[in-house]
Amino acid sequence: MNYNELTPAQAKEEYARTLAEFEAIKAKGLKLNMARGKPSKQQLDLVSDILTVLADPADCVSDGIDARNYGELCGLPCARRYFADVLGCKPEQVFAGGSASLTLMYDLVAKGMTHGLKNSPRPWAQETGLKWLCPAPGYDRHFKITQSFGFELVTVPMTAEGPDMDAVERLVRDPKVKGIWTVPKYSNPDGVIYSAETVRRFAALRPAAPDFALVWDNAYGIHEFEGDYVPFPDILAECEKYGNADMVYEFASTSKITLPGAGISCMACSEANMAYLTALMGVQLISFDKVNQLRHVLYLKDKAHTLELMKQHAAIMGPKFRLVVDVLNREIAPRGLATWHEPKGGYFVSVNVRPGCAKRTWELCREAGVVMTDAGAAFPYGRDPQDSNLRVAPSLPPLEELEQAMAVFCVCLRLAALEQLV
Ligand SMILES: Cc1ncc(COP(=O)(O)O)c(C=O)c1O
């Protein structure tokens, strides 16, 4: 029964039925979580051998460098080669860091504020009215970084091909616009892969600000859970082709390959940017954790070997995403209550419910014992203008719990829509 075609009397009846279903669920006292994109225990167990790969002190020397000691600010050469292989860029363009790419991103913006980036006329903190472009729905932690430094967050709509590039090209004509957040492959939360044309238009961008930063967060670059690995262009080479070598900063990490919070991360950029930024970074640290970098390279080896591991992750993740989409197709599609993307990689399913229903669905879920990502979180300032987007993160709960949680979610979504209708 399509809810959009219900007569008032039918809506009332359906409301009473759904409310009873909701009350019955609430009485069960469930405690389920679909809030954050965390790997499941099963996935963490997959990589247990990484804990013992460095058993002997003799293993700690790589390229003649003892990973246990100070030095190599840009990371172990083998870690730089590893990320270069994964991203398709050159090892000299890679800065191998610590356990979180988010730290490197935060640090880039912080350095823009305090010292300016390489092509900044002055530190950003000495300018006023600065803006940052935020394709939305997007990643809440990105938005919070630039919000915390006082940037005005400017929303750019997402399309099936990536951010709306007409809007991006228009907005960057404003010299106050200093950068943009992007997640080019399996975007968080839509799971969109930017099209070749979107990538080309980004590379060819002509921002008015000489120090505009294209933040290319390739967090899910090899994270297919359905089908084969999808090759993706090296944004550094693309930007160089258009005379924009210094505009782009690419980020990635092994957070969802090995152990989130205990993995390794990287920033890739032009060699000129690398020289500029490492001069600043050298003041704040002598080197990141090279022992963990070495452990990762010994365990993951290279891109081909890592893709084999990603197949094992996919065998765990794939059924969870299929379950989410199956339940939505069965429970929500016939009722005409939402649309969603069917991603083939990444960590999320982005569900667009009837305008004005997202927050209420989230509240009902919480009452029924299912924690979801905050409604609106995927938008700048946590405000979804349509109040319609909800992010489902199916990776953490075991399949049986996920099935329960999705059943609750669907009942809550129906109830929220019926409350509007009656
Ligand atoms: C798009 C995106 N970037 C970065 C991160 C965090 O990465 P890291 O653990 O390397 O800081 C996440 C985690 O969910 C993410 O979704």
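This is a tutorial dialogue on reading the features of a predicted model.

User: Let me begin with the whole chain. How many helices and strands does the chain have?

Analyst: Happy to start there. The model is predicted, and its chain has 13 helices and 15 strands. Along the principal axes, the C-alpha atoms fill a box of roughly 75 × 55 × 35 Å.

User: What radius of gyration would a compact globule with 422 residues have, and what does the chain have?

Analyst: The idea is to set the chain beside a rule for globules. For 422 residues, a compact globule would have a radius of gyration near 22 Å, and the chain has 23 Å, so the two agree.

User: Into which domains is the chain divided?

Analyst: Look at the residue ranges. Domain 1 is made of 3–44 + 307–421, while domain 2 covers 59–302. Taken over C-alpha atoms, the centres of domain 1 and domain 2 are separated by 31 Å. In the contact, domain 1 takes part with 25 residues and domain 2 with 26 residues.

User: Which elements give two or more residues to the side of domain 1 that touches domain 2?

Analyst: Those elements are H11 and E15. H11 supplies the largest share of that side, with 7 residues. By residue type, the side of domain 1 that touches domain 2 divides into 16 nonpolar, 6 polar and 3 charged.

User: Now the sheets, please. In what order do the 3 strands of the open sheet come?

Analyst: To read a sheet, follow its strands from one edge to the other. Here the order is E12-E13-E15, and the pairing is antiparallel. Strand E12 (338–340) and strand E15 (389–392) each have a single partner strand, so one side of each is left without a neighbour in the sheet. From one strand to the next, the twist averages 25°.

User: How many bridges join E12 to strand E13?

Analyst: There are 3 bridges between E12 and strand E13 (residues 349–353), and these strands run antiparallel. For a place to look, find Ala 338, which stands opposite Val 353 in E13. Then look for helix H11 (residues 303–332), which packs on this sheet and touches E12, E13 and E15. The direction of H11 makes about 15° with that of E13.

User: What is the order of the open sheet of 8 strands?

Analyst: Its order is E4-E11-E10-E9-E8-E5-E6-E7, with mixed pairing. The same reading of edges works here: strand E4 (94–96) and strand E7 (162–163) have a single partner strand each, so one side of each lacks a neighbour in the sheet.

User: In which sense do strand E5 and strand E6 pair?

Analyst: Strand E5 (residues 131–136) and strand E6 (residues 152–159) pair in the parallel sense, over 6 bridges. One pair to find on screen is Pro 135 and its bridge partner in E6, Val 156. On E4, strand E10 (248–253) and strand E11 (265–268) you will find helix H3 (residues 77–87) lying across, running at about 125° to E4.

User: I would also like to check the backbone. Which residues does a cis peptide bond join?

Analyst: Omega is the angle to check. One cis peptide bond joins Ala 136 and Pro 137, with omega about 5°. Pro 137 sits in the loop between E5 and helix H5 (140–148). Another cis peptide bond joins Asn 188 and Pro 189, where omega is also about 5°. Pro 189 belongs to the loop between strand E8 (177–182) and helix H7 (196–203).

User: Is phi of Tyr 186 positive or negative?

Analyst: Phi of Tyr 186 is positive, near 50°, in a residue other than glycine. Tyr 186 can be found in the loop between E8 and H7.

User: Last, the ligand. Which residues come nearest?

Analyst: Of the 13 residues around the ligand, Ala 100, Ser 101, Leu 102, Ser 253 and Ser 255 come nearest. Sorted by type, the shell around the ligand has 6 nonpolar, 6 polar and 1 charged residues.

Methods
Residues numbered from 1 in each chain as written. Predicted model: local features only at pLDDT ≥ 70, side-chain atom pairs only at ≥ 80, totals over all residues. Pairing = 2+ DSSP bridges. Helix = DSSP H or I, 4+ residues; strand = E, 2+ residues; numbered from the N terminus. Axes fitted to C-alpha atoms, helices over the stretch in contact; angles between N-to-C directions. Contact = placed C-beta atoms within 7 Å. Near = placed C-beta within 6 Å. Nonpolar A, V, L, I, M, F, W, Y, C, P; charged D, E, K, R; others polar. Domains from an automatic or database assignment. Rg over C-alpha atoms; globule rule 2.2 N^0.38 Å.
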